[in-house]
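Thank you for making time for this today. I would like to walk through one model with you, taking the helices before the strands and then turning to a few individual residues.

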Amino acid sequence: MNKKEMTEKCRMILQKTDIKETVSSEDADWLLRDIFPNHPEWDWYEDKGKITHITVDKADHGTTCFYVHFGEERQHSISYIKCIKNIKSTRQ
């Protein structure tokens with residue numbers, strides 16, 4: 001899957017998941033396996049504890065974002081765009 005396809009899939013997940021709702025387990029597995037570990041600050045997220053689920057919500061600046069949850073009380077937004085931009089290109 002190339003970067004454009006990854007971006008389209010992330011957008012599709014955001015669109016099909018209602019605000020404040022949990023992302024499906026299949027989509028969450030894909031995000032946690034193939035997208036989020038590419039975030040330039042992924043170590044910071046991992047240090048926060050076990051991610052229990054991912055939701056979709058509005059950010060303070062108005063965009064729709066993914067939020068990773070570390071238990072019931074702690075959550076933090078994560079940019080799929082930063083993740084995808086950080087993936088090394090395999091083009092020669």
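**Helices, hairpins and a shared core**

On one side of helix H1, Lys4 and Gln15 are exposed, and they lie across from the buried residues of that helix. Please keep in mind throughout that what you see is a predicted model.

The buried residues of H1 are Met6, Thr7, Cys10, Ile13 and Leu14. They cover an arc of only 125° around the axis, and so they sit on the same side of H1. As for what lies over them, the cover includes H2, E1, E2 and H4. The helix itself has 14 residues, and from its first C-alpha to its last it reaches 20 Å, which is close to the 20 Å expected at 1.5 Å a residue. At the start of H1, a side-chain oxygen of Asn2 comes to within 3.1 Å of the backbone nitrogen of Lys4.

Let me stay for a moment with one residue of this helix, Thr7. Is Thr7 buried or exposed? With a relative accessible area of 18%, Thr7 is buried, because the cut-off for that word is under 20%. If we leave aside its neighbours within four places in sequence, Thr7 is in contact with Tyr80 and Ile84.

Now to the second helix. In H2, the buried residues are Asp27, Ala28, Trp30, Leu31 and Ile35. Seen down the axis of H2, these residues fall within an arc of 160°, and therefore they line one face of the helix. Ser25, Glu26 and Arg33, on the other side of H2, are exposed. The cover over the buried residues of H2 includes H1, E1, E2 and H4.

Which residues have the most contacts inside the largest nonpolar core? They are Leu31, Ile35, Phe36 and Phe66, in a core that has 23 residues. The elements that give two or more residues to this core are H1 (3–16), H2 (25–35), H3 (42–47), E1, E2 and H4 (80–85).

That brings me to the strands. Strand E1, residues 53–58, and strand E2, residues 64–70, run antiparallel and are joined by 6 bridges. Among the paired residues, Lys58 has Thr64 as its bridge partner in E2, and Ile54 has Val68. The hairpin of E1 and E2 has 5 residues between the strands, and in it Gly62 takes a positive phi near 100°.

On to the next pairing, where E2 is joined to strand E3, residues 74–78, by 5 bridges, and these two strands also run antiparallel. Here Val68 stands opposite His76 in E3, so to speak of Val68 is to speak of a residue with a partner in E1 as well, namely Ile54. E2 and E3 form a hairpin with 3 residues between them, and Gly71 in the turn has a positive phi of about 85°. How many of the residues of E2 are buried? The count is 6 of the 7, so E2 is largely enclosed by the rest of the structure.

I would like to finish with two side chains that reach out to other parts of the chain. The first is Tyr45, which has its place in helix H3 and is buried, with a relative accessible area of 3%. Tyr45 and Ser77 are 32 residues apart in sequence, yet they are 10.0 Å apart in space, C-alpha to C-alpha. A polar atom of the Tyr45 side chain lies 2.6 Å from the backbone oxygen of Ser77. Not counting neighbours within four places in sequence, Tyr45 is in contact with His39, Val68, Phe70, His76, Ser77 and Ile78.

The other is Asp57, which is found in strand E1 and, at 14% relative accessibility, counts as buried. Which side chain does the side chain of Asp57 make a polar contact with? The partner is the side chain of Lys20, at 3.0 Å. Lys20 lies in the loop between H1 and H2, and in contrast to Asp57 Lys20 is exposed, with a relative accessible area of 61%. The phi of Lys20 is near 70°, a positive value in a residue other than glycine. Beyond residues up to four places away in sequence, Asp57 touches Ile19, Lys20, Thr63, Thr64, Cys65 and Tyr67.

Key:
Residues are numbered from 1 along each chain as its sequence is written. This is a predicted model: local features need pLDDT of at least 70, side-chain atom pairs count only at pLDDT 80 or more; totals for chains, interfaces and linings use all residues. Side-chain values use heavy atoms; hydrogens and water are left out. Helices (H or I, at least four residues) and strands (E, at least two) are DSSP runs, numbered from the N terminus. A nonpolar core is a set of buried Ala, Val, Leu, Ile, Met, Phe, Trp, Tyr and Cys residues joined through side-chain atoms within 4.5 Å. Buried means under 20% relative accessible area, exposed over 50%, partly exposed in between (1.4 Å probe, protein chains only). The arc is that of the directions from the helix axis to the C-beta atoms. Contact means heavy atoms within 4.5 Å. The expected span of a helix is 1.5 Å times one less than its number of residues. A polar contact is a pair of N or O atoms within 3.5 Å; within protein, one must be able to donate a hydrogen and the other to accept it, and residues adjacent in sequence count only if both atoms are side-chain atoms.
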